[in-house]
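Biologist: Hi, I'm new to this one. Could you walk me through it?

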Amino acid sequence: MAISPSLGDATTLAPHVRTVPPPDSYRSADAAAQFAADVAAAVDDLSQNGIGVSCLIADTIFSSDGIYPDPSVLAPTVDIVRRHGGVFIADEVQPGFVRTGETMWGFDRHGVIPDIVTMAKPMGNGLPVAAMAARDHVLRPFAVRVPYFNTYAGNPVSMAAAAAVLDVIEDENLLANAAEVGAVLRTELSRIAEDDPRLGDVRGAGLYVGVEVVSDADAKTPDRAGARALVNAMRERHVLISVCGHDGNVLKIRPPLVFSMADVDWFCSEFTAALAV
């Protein structure tokens, strides 16, 4: 909580923390270059204030930031952070476990190898379990200096659930399913968006899709109220989606990994009906 602005005014960022805008591919002509420049500016600010750089932590599909899947944005930024002595922490809680449809982990799409990886919710398919992986040189100081102990670290039920999730992902070929079904879902949503100026952009990877809801398509003006209205209209039709992004105007569509082509047809029919409300 001390390093994330996601709770808004409920928390105050620590003085050693800097945040940067996400790589907004919808509104920026070169989101990768802009993101790298913003991170470089934050690195300089930390250095000028005598703090130094510890790490860059990022969700590798920028889920809560509005879903930005461009795989070109992370590598240049990670290079900047590492040149200044920092490490890269890949938050795979949302994009991990084949969600993005190309690889097991979101960071693989960017061609970078993190120093630390965090993962959780989908790991147990509803059961409480999480994990962290780290390079040995990064973890060693913690292991040597910190007398860490966790009562829950050996929960055998959660471990069994996590192992079963991995088996299902492999046995049911959910990586390929996420890629194939997700591509069709984005295509159909893009087709719907062509006929509705409220839908400014459709983007995503695998079974993770963001739909930008705007009040002015030319100005790309975020429409928070419009997005919430669509979420509620879908809920009335027994379909649960949510919103994300700084302005709360991006529809966050993240179906189960077993979503089928028939489910895509059903979803798009309900979405079209919700738009007509």
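**Around helix 2**

Modeller: Sure, let's begin with a glycine: glycine 85 follows helix 2, and its phi is positive, near 90°. Keep in mind that this is a predicted model.

Biologist: Okay. Which residues of helix 2 are buried?

Modeller: Leu74, Thr77, Val78, Ile80 and Val81 are buried there. They sit on the same side of helix 2, because the arc they cover around the axis is only 155°.

Biologist: And what covers the buried residues of helix 2?

Modeller: The cover includes helix 1, strand 1 and strand 2, which runs over 87-91.

Biologist: Where is proline 76 found?

Modeller: Proline 76 is in helix 2, residues 74-83.

Biologist: Is proline 76 buried, exposed or partly exposed?

Modeller: Proline 76 is partly exposed, as its relative accessible area is 36%. There's also a distance worth knowing: from C-alpha to C-alpha, proline 76 and alanine 37 are 9.7 Å apart in space, while in sequence they are 39 residues apart.

Biologist: Let's switch to charges. How many salt bridges does the structure hold?

Modeller: There are 13 salt bridges in the structure. As a general point, side chains of opposite charge can pair when their charged atoms come close.

Biologist: Show me one. What does glutamate 212 form a salt bridge with?

Modeller: Its partner is arginine 203, and the closest N and O atoms of the two are 2.7 Å apart.

Biologist: Is glutamate 212 buried or exposed?

Modeller: Glutamate 212 counts as buried, at 1% relative accessibility. Arginine 203 is buried too, with a relative accessible area of 6%.

Biologist: Which residues are linked with those two in a network of salt bridges?

Modeller: Asp24, Arg27 and Asp201 are linked with Arg203 and Glu212 in a network of salt bridges.

Biologist: What does arginine 237 meet in a salt bridge?

Modeller: Arginine 237 meets glutamate 270, at 2.4 Å from N to O. Glutamate 270 lies in helix 8 (residues 261-275) and arginine 237 in the loop between helix 7 (224-236) and strand 8 (242-244), so this pair ties together parts that are 33 residues apart in sequence.

Biologist: How exposed are glutamate 270 and arginine 237?

Modeller: Glutamate 270 is buried, with a relative accessible area of 15%. Arginine 237 counts as partly exposed, at 34% relative accessibility.

Biologist: Got another pair for me?

Modeller: Yes, arginine 235 and glutamate 236: their side chains meet in a salt bridge at 3.7 Å, N to O. Arginine 235 is partly exposed at a relative accessible area of 43%, and glutamate 236 counts as exposed at 56% relative accessibility.

Biologist: New topic: pockets. How much space lies in the largest pocket?

Modeller: About 1500 Å³. It is lined by 46 residues, and the closest to its centre are Ile3, Ser4, Pro5, Thr19 and Ile57.

Biologist: Which elements give two or more residues to that lining?

Modeller: Helix 1 (31-48), strand 1 (55-59), helix 7 and strand 8 do.

Biologist: What is the lining of the largest pocket like by class?

Modeller: The lining has 25 nonpolar residues, 13 polar ones and eight charged ones.

Biologist: And how much space lies in the second largest pocket?

Modeller: About 450 Å³ lies in that one. Of the 18 residues lining the second largest pocket, Arg99, Pro122, Asn125, Pro256 and Leu257 are the closest to its centre.

Biologist: Which helix gives the most to the lining of the second largest pocket?

Modeller: Helix 5, residues 156-171, gives the most, with three residues. The lining as a whole divides into 10 nonpolar, four polar and four charged residues.

Biologist: You listed Asn125. Where is asparagine 125 found?

Modeller: Asparagine 125 is in the loop between strand 3 (116-119) and strand 4 (131-134). It isn't a glycine, yet asparagine 125 has a positive phi of about 50°. Asparagine 125 is also exposed, with a relative accessible area of 65%.

Biologist: And what about lysine 220?

Modeller: Lysine 220 has a positive phi of about 55°, although it is not a glycine. Lysine 220 is found in the loop between strand 6 (208-216) and strand 7 (221-222). At 29% relative accessibility, lysine 220 counts as partly exposed.

Methods. Residues are numbered from 1 along each chain as its sequence is written. This is a predicted model: local features need pLDDT of at least 70, side-chain atom pairs count only at pLDDT 80 or more; totals for chains, interfaces and linings use all residues. Side-chain values use heavy atoms; hydrogens and water are left out. A salt bridge is a side-chain nitrogen of Lys or Arg within 4 Å of a carboxyl oxygen of Asp or Glu. Buried means under 20% relative accessible area, exposed over 50%, partly exposed in between (1.4 Å probe, protein chains only). Helices (H or I, at least four residues) and strands (E, at least two) are DSSP runs, numbered from the N terminus. On a 1 Å grid over the protein atoms alone, a cavity is a set of points where a 1.4 Å probe fits but cannot get out, and a pocket is an open set with protein on both sides within 12 Å along at least five of seven lines; lining residues have an atom within 4 Å of a point. Grid points are joined across faces, edges and corners, and a volume is the space filled by probe spheres set on the points. Ala, Val, Leu, Ile, Met, Phe, Trp, Tyr, Cys and Pro count as nonpolar, Asp, Glu, Lys and Arg as charged, and the others, Gly among them, as polar. The arc is that of the directions from the helix axis to the C-beta atoms. Contact means heavy atoms within 4.5 Å.
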